[in-house]
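User: I'm new to this structure and would like a close look at one part of it. Could you walk me through the pockets and the aromatic rings beside them?

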Amino acid sequence: MLTAVDHVQLAAPPGSEDLLRAYYTGVLGMTETPKPAALAARGGCWFEAGDVRLHLGIERDFRPARKAHPGLRVTGIDAFAARPAAHGAPVTWDGLLPGHRRFHSEDPVGNRLEFLEPEPG
């Protein structure tokens with residue numbers, strides 16, 4: 001029986017770790033968590049905020065995920081949307097999910113990210 005999602009992994013190009021750290025910690029407010037020593041040699045970064053865990057793994061023939069994406073719940077979505085926008089990331093609002101406000105953006109290597117907040121009521 002499934003009980004939870006432990007983490008979501010996204011890919012990133014070689015050498016992008018500093019760019020990823022700046023975005024996921026500085027823009028999204030996540031905390032970088034250390035990778036186990038056996039996995040650290042592969043490169044990449046792990047981040048978390050509350051129960052949300054994202055792993056960014058290095059892929060030599062990297063292509064950003066344009067359709068597949070994590071859907072990340074936020075509070076205060078308007079203020080949250082201002083964060084990636086202030087750093088030049090696109091913010092595309094989408095009103096098609098009933099009962100939610102949401103927007104799509106992308107991380108600095110082009111991976112699609114969805115941010116959503118349930119509407120009150």
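Analyst: Here is a walk through the pockets, followed by the aromatic pairs. Please keep in mind that this is a predicted model.

Let's begin with the largest pocket, which has a volume of about 220 Å³. Which elements give two or more residues to its lining? They are β4 (52-58) and β5 (71-73). Reading along the chain, you can find the lining residues in three groups: Val5, Asp6, His7 and Val8, then Asp51, Val52, Arg53 and Leu54, and finally Pro70, Gly71, Leu72 and Arg73. By character, the lining of this largest pocket holds six nonpolar, four charged and two polar residues.

Now turn to the second largest pocket, with about 150 Å³ of space. Its lining includes Leu28, Met30, Ala49 and Val52. Leu72, Arg73, Val74 and Thr75 also line this second largest pocket, together with Phe80 and Phe115. Here eight lining residues are nonpolar, one is polar and one is charged. If some of those names sound familiar, you are right: Val52, Leu72 and Arg73 appear in the linings of both pockets.

That brings us to the aromatic rings. How many aromatic pairs does the structure hold? There are five, and two of them are worth a visit here.

One of these pairs joins Tyr24 and Phe47, whose rings are stacked, with 5.2 Å from centre to centre and 20° between the planes. This pair links distant parts of the chain, as Tyr24 sits in helix α1 (residues 17-27) and Phe47 in strand β3 (residues 45-49), 23 residues apart. Are these two residues buried or exposed? Tyr24 counts as buried because its relative accessibility is 0%. Phe47 has a relative accessible area of 1%, so Phe47 is buried too.

The other pair takes us back to the second largest pocket, since Phe80 and Phe115 both belong to its lining. Their rings are tilted, at 5.3 Å centre to centre with 45° between the planes. Again distant parts of the chain are linked: Phe80 lies in helix α3 (residues 77-86), Phe115 lies in strand β8 (residues 112-118), and 35 residues separate them. Both Phe80 and Phe115 are buried.

Finally, which residues share an aromatic cluster with that pair? Trp93 and Phe103 join Phe80 and Phe115 in one aromatic cluster. To put the picture together, try finding Phe80 and Phe115 in the view: they line the second largest pocket and also take part in the cluster.

Notes
Residues numbered from 1 in each chain as written. Predicted model: local features only at pLDDT ≥ 70, side-chain atom pairs only at ≥ 80, totals over all residues. Heavy atoms only, no water. 1 Å grid on protein atoms, 1.4 Å probe; cavity = no way out; pocket = protein on both sides within 12 Å on 5 of 7 lines; lining within 4 Å. Points joined across faces, edges and corners; volume = space filled by probe spheres on them. Helix = DSSP H or I, 4+ residues; strand = E, 2+ residues; numbered from the N terminus. Nonpolar A, V, L, I, M, F, W, Y, C, P; charged D, E, K, R; others polar. Phe/Tyr/Trp six-rings, centres within 6.5 Å; stacked < 30°, edge-to-face > 60°. Buried < 20%, exposed > 50% of the residue type's maximum accessible area, 1.4 Å probe, protein only.
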